[in-house]
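Colleague: Could you walk me through this model over coffee? I would like to hear the reasoning behind each answer.

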Amino acid sequence: MVETAAPLKMKDYRSDVKPVWCPGCGDFAVLSATYKAMARLGLKREETVVVSGIGCSSRLPYFVRTYGMHTLHGRALPVATGLKLARPDLTVLVFGGDGDLFSIGAGHTPHGAARDIDVTVICMDNSTYGLTKGQTSPTSPLGHKTKSTPYGAVVQPLSPVLLALAFGAGWVGRAYSAKPKQLEDLIVAAVQHRGFSFLHVESPCTEFNNTYNYFDALVQDLPPDYDPTDREGAIRLALTEERVHLGVFFRDDRRQDYRAKIEAWTAERSRPFDPITYLQQYA
Ligand SMILES: Cc1ncc(C[n+]2csc(CCOP(=O)(O)OP(=O)(O)O)c2C)c(N)n1
Ligand code: SF4
Ligand SMILES: [Mg+2]
């Protein structure tokens, strides 16, 4: 797969595999926004890898004409981490569902954020296990009735945005499948961030948990005076929000990602050892 010099268009990122999602599934909007974002970013297909776990959402790599890895349930992040460490020149995107990233894969999400490897994680949250036919997931609301919780869910739902902020992610945002332009803009911004970026997408499952009406009534852009550089403020908002806010919750453009830290550390230690300078720190 060798690129020509001509800039690629959205259609150039579309593979020959037709998505098998149900009509109206929010994941179509994520896929379409991803194509557009890739074209806007001018990503070279041979230098881009889309990694996923298992789930309806995790089928996404099949539909993108880049390199892709459809890995094990909950294990996209460890694979993406190894890939980015071995090949820092590649752009690595991770796609996963609420189950993939916050149930079976929940052990990897905090470490991905803490390590701050330069990957973009896009959580396609439908608050259900779509692929296995609609069981309650870690983001399902209290009282959610499914075959696995016939009397309604009694477990407090997790908030992916709140967790990503608390895990120390350097870029955290939220989008909604029914707001495709904003979703595209947020994917572009997340990929442009150097370090671990986390985009939570409310992506309804029309088959088992159709939440379009619910989110249509609740979504709201972050206020114009909102400060996305204040992590504590972002956490306070994510803890208390009654509306579902869309936009960039937090970004730290000044921090060094994992690679920059290692490079700085290596440069520091490769300087010739000067015993006088060394001893002066104890003077
Ligand atoms: C180790 C393992 N456990 C369980 C499963 C069954 N399984 C496949 S997908 C899935 C949940 C998918 O939910 P989510 O990640 O939210 O994706 P969605 O289908 O909703 O997009 C489960 C439990 C599996 N494939 N592998
Ligand atoms: S079951 Fe739900 S998540 Fe899966 S493809 Fe259908 S609508 Fe989408
Ligand atoms: Mg899901």
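Colleague: Let's begin with a helix. Which elements do the buried residues of α6 pack against?

Modeller: Happy to, and please keep in mind that this is a predicted model. The buried residues of α6 are L183, E184, L186, I187, A190 and V191. Seen down the axis of α6, they fall within an arc of 165°, so they line one face of the helix. They pack against α1 (27–41), β3, β4, β7 (171–176) and β8 (197–202).

Colleague: How far apart are the end C-alpha atoms of α6, and what span should its residues have?

Modeller: Helix α6 covers residues 180–192, which makes 13 residues. At 1.5 Å a residue they should span 18 Å, and the computed distance between the end C-alpha atoms agrees, at 18 Å.

Colleague: Now to α8. Which elements help cover its buried residues?

Modeller: In α8, the buried residues are A234, L237 and A238. Their directions stay within an arc of 95° when seen down the axis, so they line one face of the helix. An α-helix has 3.6 residues a turn, so residues three or four places apart point the same way. The cover over the buried residues of α8 includes α5 (160–167), β7 and β10 (244–251).

Colleague: And which exposed residues does α8 carry on the face turned away from its buried side?

Modeller: An exposed residue has 12 or fewer other C-beta atoms within 10 Å of its own. On the face of α8 turned away from the buried side, the exposed residues are E232, R236, L239 and T240.

Colleague: β7 has come up with both helices. How many of its residues are buried?

Modeller: Both faces of β7 are covered. On one side W171, G173 and A175 are buried, and on the other V172, R174 and Y176 are buried. The strand is therefore largely enclosed by the rest of the structure, the count of buried residues being 6 of the 6.

Colleague: Which residue of β8 is the bridge partner of R174?

Modeller: β7 and β8 pair in the parallel sense, over 6 bridges. Within that pairing, the partner of R174 in β8 is H200.

Colleague: Let's look at β3 too. Which strands does it pair with?

Modeller: Strand β3 (residues 91–97) has 6 of its 7 residues buried, so it is largely enclosed by the rest of the structure. On one pairing, V49 stands opposite V92 in β3, and on another, G96 stands opposite C123 in β4. Each pairing is parallel with 5 bridges, and the partners are β1 (residues 48–52) and β4 (residues 120–125).

Colleague: I always check the backbone angles. What is the phi of D116, and is the residue buried or exposed?

Modeller: Most residues other than glycine have a negative phi, and most peptide bonds are trans. D116 is found in the loop between α4 (109–115) and β4, and its phi is positive, near 60°. With 22 other C-beta atoms within 10 Å, D116 is buried.

Colleague: What about S127: what is its phi?

Modeller: S127 sits in the loop between β4 and β5. It counts as buried because it has 25 C-beta neighbours inside 10 Å. S127 is a residue other than glycine with a positive phi, near 55°.

Colleague: On to the ligands. Which element gives the most residues to the shell around ligand 1?

Modeller: Of the 18 residues around ligand 1, G55, S57, G97, G99 and G130 come nearest. The elements that give two or more residues to this shell are α3 (98–102) and β5 (128–129). By class the shell has 6 nonpolar, 10 polar and 2 charged residues. With 3 residues, the one giving the most is α3.

Colleague: And how does the shell around ligand 2 divide by class?

Modeller: Among the residues around ligand 2 are W21, C22, C25, C56, C205 and F208. The shell also includes D27, E207, N126, T206 and G130. By class, it divides into 6 nonpolar, 3 polar and 2 charged.

Colleague: One last item. How far apart in space are the C-alpha atoms of P7 and K44?

Modeller: P7 lies in the segment before α1. It counts as exposed because it has 10 C-beta neighbours inside 10 Å. P7 and K44 are 37 residues apart along the chain, and their C-alpha atoms are separated by 9.1 Å.

Technical notes:
Residues numbered from 1 in each chain as written. Chains lettered and ligands numbered in written order. Predicted model: local features only at pLDDT ≥ 70, side-chain atom pairs only at ≥ 80, totals over all residues. Near = placed C-beta within 6 Å. Helix = DSSP H or I, 4+ residues; strand = E, 2+ residues; numbered from the N terminus. Nonpolar A, V, L, I, M, F, W, Y, C, P; charged D, E, K, R; others polar. Buried ≥ 20, exposed ≤ 12 C-beta atoms within 10 Å, placed from the backbone. Pairing = 2+ DSSP bridges. Expected span 1.5 Å × (residues − 1). Arc of directions from axis to C-beta. Contact = placed C-beta atoms within 7 Å.
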